[in-house]
Amino acid sequence: MRSHYNALDFCGHTYKIKDTVLLAHDSHGQMNKPWVVIIKDITGMKNGNIMIYVQWFYRPSEIFIDPAS
C-alpha cells in the first residue's frame, strides 16, 4: 500500500503538489540547461523511498517534427 503526501521537505525547501520546479543539475552535480516540471503526486513506497511524479516541459529545440507526416 502506498501513502500519498501533499508536500515534501528536501534540502531546506518544501515542495508541494502543483508546484513548478526548476531542475538544473544532473546526477553528477554539473549545471545543465534547466528543466521545468510540475509536481503531480508525491508517494511513499513500501520500501521507504519517496516517488515524485512530475509533468516535464520540453524546449522547442528538443522537439523533432517529421516534415513527411
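A residue counts as exposed when its relative accessible area is over 50%, as buried when that value is under 20%, and as partly exposed in between. Keep that scale in mind as we walk through this structure, which is a predicted model.

Let's begin with Thr-20. Its relative accessible area is 57%, so Thr-20 is exposed. This threonine sits in strand S4. Its C-alpha lies 5.7 Å from that of Val-37, although 17 residues separate the two in sequence.

Strand S4 is a good guide to the next feature, the largest pocket. S4, which runs over 20–25, is one of the strands that supply at least two residues each to the pocket lining. The others are S2 (7–10), S3 (13–16), S5 (31–44) and S6 (50–57). Which strand gives the largest share of the lining? That is S4, with 5 residues.

The pocket itself has a volume of about 410 Å³. In total, 15 residues line the pocket, and those nearest its centre are Phe-10, Tyr-15, Val-21, Leu-23 and Ile-52. If you colour the lining by residue class, you will find 13 nonpolar and 2 polar residues, with no charged ones.

Leu-23 deserves a second look. It belongs to strand S4 and is among the pocket residues nearest the centre, yet it also takes part in a nonpolar patch on the surface. How can one leucine appear in that surface patch? Leu-23 has a relative accessibility of 35%, so it counts as partly exposed, and the patch takes in residues with over 30% relative accessible area. Its partners there are Trp-56, Tyr-58, Ile-63 and Ile-65, and the five together have about 570 Å² of accessible area.

Now turn to the backbone, and to two loops. Most residues other than glycine have a negative phi. Cys-11 is not a glycine, but its phi is positive, at about 55°. You can find Cys-11 in the loop between S2 and S3, and because its relative accessibility is 65%, it counts as exposed. Lys-18 is another non-glycine residue with a positive phi, here about 80°. This lysine is in the loop between S3 and S4, and with a relative accessible area of 71% it is exposed.

Two further residues let you gauge distances across the model. Met-45 is located in the loop between S5 and S6. Is Met-45 buried, partly exposed or exposed? At 25% relative accessible area, it is partly exposed, because that value falls between the 20% and 50% limits. From its C-alpha to that of Ala-24 is 26 Å, and the two residues are 21 apart along the chain.

Glu-62 lies in the segment after S6. With a relative accessible area of 35%, this glutamate is partly exposed. Glu-62 and Met-51 are 11 residues apart in sequence, and their C-alpha atoms are 26 Å apart in space. Set that beside Thr-20 and Val-37, with their positions 17 residues apart in sequence and 5.7 Å between their C-alpha atoms.

How values were computed:
Residues are numbered from 1 along each chain as its sequence is written. This is a predicted model: local features need pLDDT of at least 70, side-chain atom pairs count only at pLDDT 80 or more; totals for chains, interfaces and linings use all residues. Side-chain values use heavy atoms; hydrogens and water are left out. On a 1 Å grid over the protein atoms alone, a cavity is a set of points where a 1.4 Å probe fits but cannot get out, and a pocket is an open set with protein on both sides within 12 Å along at least five of seven lines; lining residues have an atom within 4 Å of a point. Grid points are joined across faces, edges and corners, and a volume is the space filled by probe spheres set on the points. Helices (H or I, at least four residues) and strands (E, at least two) are DSSP runs, numbered from the N terminus. Ala, Val, Leu, Ile, Met, Phe, Trp, Tyr, Cys and Pro count as nonpolar, Asp, Glu, Lys and Arg as charged, and the others, Gly among them, as polar. Patches are made of residues with over 30% relative accessible area and no salt bridge: like charges are joined within 9 Å, nonpolar side chains (Val, Leu, Ile, Met, Phe, Trp, Tyr) within 5 Å. Accessible areas come from the Shrake-Rupley method with a 1.4 Å probe; for residues, only the protein chains shown count as cover. A salt bridge is a side-chain nitrogen of Lys or Arg within 4 Å of a carboxyl oxygen of Asp or Glu. Buried means under 20% relative accessible area, exposed over 50%, partly exposed in between (1.4 Å probe, protein chains only).
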